[in-house]
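Me: I should like to go through the terms used to describe this structure and ask what justifies each of them. Please set each value against its cut-off.

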Amino acid sequence: MSTVPVTPRAKTGIAPATPTTTRVAGSHVLQASPHYTTTRRHSLYGTEDRVVIDPGSRIWKVGFSGEGKPRDVFYADAKNYGSLWSCSRATDPAEKAEEDNLLAINLERCMRSVFHESLLAEPKARKVILVEHPLMPLYIKDMLARILFSNLQVPSISFASSHLLSLLSVGRITGLVLDCGHLESTALPIFAARPLFPQLRTTPLAGSRFSSHIRALLLLFGSYLPPPTSLSAAVNVPAANRTTRVPQEILTDAVIEDIKTRCCFVSDALESAFGDARASSPPGDDPSEHEPPPSSDPAMSESEFSRGSLGQESAAESEFSIISHPTHPISGGEARNENHLQVIANMYMRHSTATDLRIRVVPPVSQQAGTGRGTLIIPGWIRERAAEVLFEGGDVDESSVAEVILDALLKVPLDLRKTLASSILITGGTAVLPGFIPRLHAELLRATAPLDTLSTRSRPTYDRYATLRPLVPHFAILNNPAPVTSSSTRANVNAGKAPAFTPATMAWVGGSLAGALKTGGVEVAREKWDESDPAQTDQDDDVVMVTPASEFVPRNVIPDWTRGPLPMGAPPAVAPKLPPSPQAVGA
């Protein structure tokens with residue numbers, strides 16, 4: 001009698017659980033400190049591990065060396081989500097001194113919060129690894145060192161480049177690192193753990209410009225539902241009748257940050273949609289059928305709106321930008337400008353699949369009637385296409401993030417281009433946007449594609465990246481979550497093989513690794529800092545001459561990567577002395 005085979009079943013009496021390690025008291029096995037979640041050995045006073053600080057202009061990441069993630073990540077300005085410093089400084093001496101004093105107060109508050117709130121560590125017994133941006137202003141580094149040495153009295157500070165530490169976190173010492181931060185995006189080639197600072201390239205297209213772009217788009221094309229004046233109005237009055245344009249008061253930095261981090265993503269590139277939309281909609285056509293909602297505030301012109309919403313962070317963008325500053329101005333007044341903007345918006349709507357989102361926001365003071373919060377309606381195409389501002393190049397002063405990488409490759413020696421092109425690493429908080437890294441790889445291929453001179457005559461004949469076209473098969477991003485198969489073996493081996501660290505914390509993880517290996521950048525001891533004090537002391541009269549705050553002079557012990565090891569230009573030639581002639585000797 002044959003039996004039907006039965007598939008063996010798993011035992012149901014044992015519940016699956018993560019295996020745990022039991023440690024016997026009094027054994028030689030490493031015992032973890034009760035104040036640490038790791039199982040590594042710590043000394044009695046806890047001075048072995050260094051404190052790793054990554055001070056950004058908006059977000060700080062702090063922790064101990066040897067750990068895989070920061071202990072704390074916090075905003076430097078927790079109330080307004082603003083930036084501690086910017087790329088520009090005041091020109092007036094009084095205003096500059098006031099800004100420096102305010103910055104020093106904020107930096108001291110953040111540093112004390114690191115040791116006394118986030119890490120609960122004694123600063124006098126901890127060496128510090130400071131993760132610094134290569135272009136961080138020297139006066140800010142001097143402020144950080146002055147606070148750590150004079151106020152907190154740390155033993156030493158090690159200054160390490162954030163790009164190099166990011167590369168070390170993925171197990172590499174050679175590569176091209178692009179850091180997309182808040183103030184700027186910077187590409188730095190690194191060969192054999194030596195940053196090539198003369199080949200550094202930067203652009204202001206970063207998180208700050210992205211936030212300003214989102215705010216401008218929401219003010220133009222977003223919708224806002226104010227809270228109803230009464231409970232009966234919430235039921236009887238339709239929402240379509242209450243829809244107005246977005247007031248400027250509700251788009252605070254906290255709201256924009258929430259929209260940027262939770263709602264936005266990066267989609268695929270538009271191949272020829274721009275040309276099709278511009279060809280099918282000449283400037284003289286009627287306005288689009290989709291009109292923006294009525295405004296609750298007095299209408300302003302496009303130029304006034306751009307100046308009011310972007311402020312100092314606004315700059316000239318490419319001709320395909322949604323918000324103003326077109327490279328080719330359209331004649332015909334404000335109505336035609338609005339029509340042009342609406343045509344571009346409609347084109348994005350046709351090529352967008354994202355849905356609209358509604359978030360609750362605090363209404364303006366004039367609308368706080370006690371019936372709830374207002375509703376901000378975010379169009380889906382803004383969520384999907386707001387990041388286009390980061391990939392729109394063509395400007396000499398504001399290159400796109402892809403052009404920054406290609407410009408850095410043009411500056412490096414020829415024998416290093418293939419190696420660096422196949423080892424590209426993307427870091428920074430802006431790179432955390434979903435779809436950012438695959439889109440950047442597509443933009444690299446798109447920028448180096450051959451020019452199609454037959455399709456259009458307006459395109460320039462100058463091929464800017466023609467010398468980089470042989471490197472197209474070798475382009476590989478180490479932390480690409482969706483690598484594309486290439487014909488190059490080198491690219492297939494490197495693409496997507498980096499550890500799965502988030503791009504925002506790679507620099508800190510590299511600093512943690514450097515501290516665990518007892519390596520790092522230039523280390524400045526507190527004794528060396530005290531010896532370089534510019535204050536002059538007269539021992540006879542016991543009079544201390546202190547340099548005024550307005551005459552700020554940075555100390556020479558702080559490393560400055562912008563200064564080259566050799567003076568600019570060749571040394572002056574010295575004419576050799578000729579030996580005396582025999583006739584002159586005989587005379």
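The questions below concern a predicted model.

Me: What does the chain contain overall, and how many of its residues are buried, as a percentage?
Reply: The chain has 18 helices and 16 strands. Of its 587 residues, 44% are buried. Among contacts between residues at least 6 apart in sequence, 70% join residues at least 24 apart.

Me: Why are helices H3 and H16 called roughly perpendicular?
Reply: H3 (residues 162–169) and H16 (residues 506–516) pack at an angle of about 75°, their axes being 7 Å apart. Angles from 65 to 115 degrees count as roughly perpendicular, and H3 and H16 are therefore described in that way.

Me: Which residues make this contact, and what is its character by class?
Reply: H3 contributes Ser162, Leu165, Ser166, Leu168 and Ser169, while H16 contributes Met506, Ala507, Val509, Gly510, Gly511, Leu513 and Ala514. By class, the contact of H3 with H16 has seven nonpolar, five polar and no charged residues. Glycine is counted as polar in this scheme.

Me: What makes H3 and H16 "mostly covered"?
Reply: In H3, seven of the eight residues are buried, among them His163, Leu164 and Leu167. In H16, nine of the 11 residues are buried, including Trp508, Ser512 and Gly515. The cover over the buried residues of H16 includes H3 itself, together with strands S1 (51–55), S2 (59–64), S4 (128–132) and S13 (424–427).

Me: Which residues take a positive phi just after these two helices?
Reply: Just after H3, Gly171 has a positive phi of about 80°. Just after H16, Lys518 has a positive phi of about 60°.

Me: How do you know that H4 is roughly perpendicular to H7?
Reply: H4 (residues 207–221) and H7 (residues 253–262) pack at an angle of about 100°, with axes 10 Å apart. That angle makes H4 roughly perpendicular to H7, the range for the term being 65 to 115 degrees. On the H4 side the contact involves Gly207, Phe210, Ser211, Ile214, Arg215 and Leu218, and on the H7 side Asp253, Ile256, Ile259 and Lys260. The residues of this contact divide into five nonpolar, two polar and three charged.

Me: Which members of the largest nonpolar core touch the most other members?
Reply: That core has 63 residues, and Ile259, Leu376, Ile426 and Phe436 touch the most other members. Beyond its neighbours within four places in sequence, Leu376 is in contact with residues including Leu218, Val246, Ile250, Val255, Ile259 and Leu357. Apart from this core lies another of 37 residues, among them Val51, Trp60, Leu107 and Leu119.

Me: Why is Tyr465 called buried?
Reply: The relative accessibility of Tyr465 is 5%, so Tyr465 counts as buried; the cut-off is under 20%. Tyr465 is placed in the loop between helix H14 (436–447) and helix H15 (489–494).

Me: What surrounds Tyr465, and what makes its pairings with Asp407 and Arg464 polar contacts?
Reply: Leaving aside neighbours within four places in sequence, Tyr465 is in contact with Glu403, Leu406, Asp407, Leu410, Ala447 and Thr448. Ala447 is 18 residues away in sequence, yet the C-alpha atoms of Tyr465 and Ala447 are 7.6 Å apart. A polar contact requires a pair of N or O atoms within 3.5 Å. The side chain of Tyr465 makes one with the side chain of Asp407 at 3.0 Å, and another with the side chain of Arg464 at 3.3 Å.

How values were computed. Residues are numbered from 1 along each chain as its sequence is written. Side-chain values use heavy atoms; hydrogens and water are left out. Axes are lines fitted to C-alpha atoms, for helices over the stretch in contact, and angles run from 0 to 180 degrees between N-to-C directions. Helices (H or I, at least four residues) and strands (E, at least two) are DSSP runs, numbered from the N terminus. Angles under 35 degrees count as roughly parallel, over 145 as roughly antiparallel, 65 to 115 as roughly perpendicular and the rest as oblique. Contact means heavy atoms within 4.5 Å. Buried means under 20% relative accessible area, exposed over 50%, partly exposed in between (1.4 Å probe, protein chains only). A polar contact is a pair of N or O atoms within 3.5 Å; within protein, one must be able to donate a hydrogen and the other to accept it, and residues adjacent in sequence count only if both atoms are side-chain atoms. A nonpolar core is a set of buried Ala, Val, Leu, Ile, Met, Phe, Trp, Tyr and Cys residues joined through side-chain atoms within 4.5 Å.
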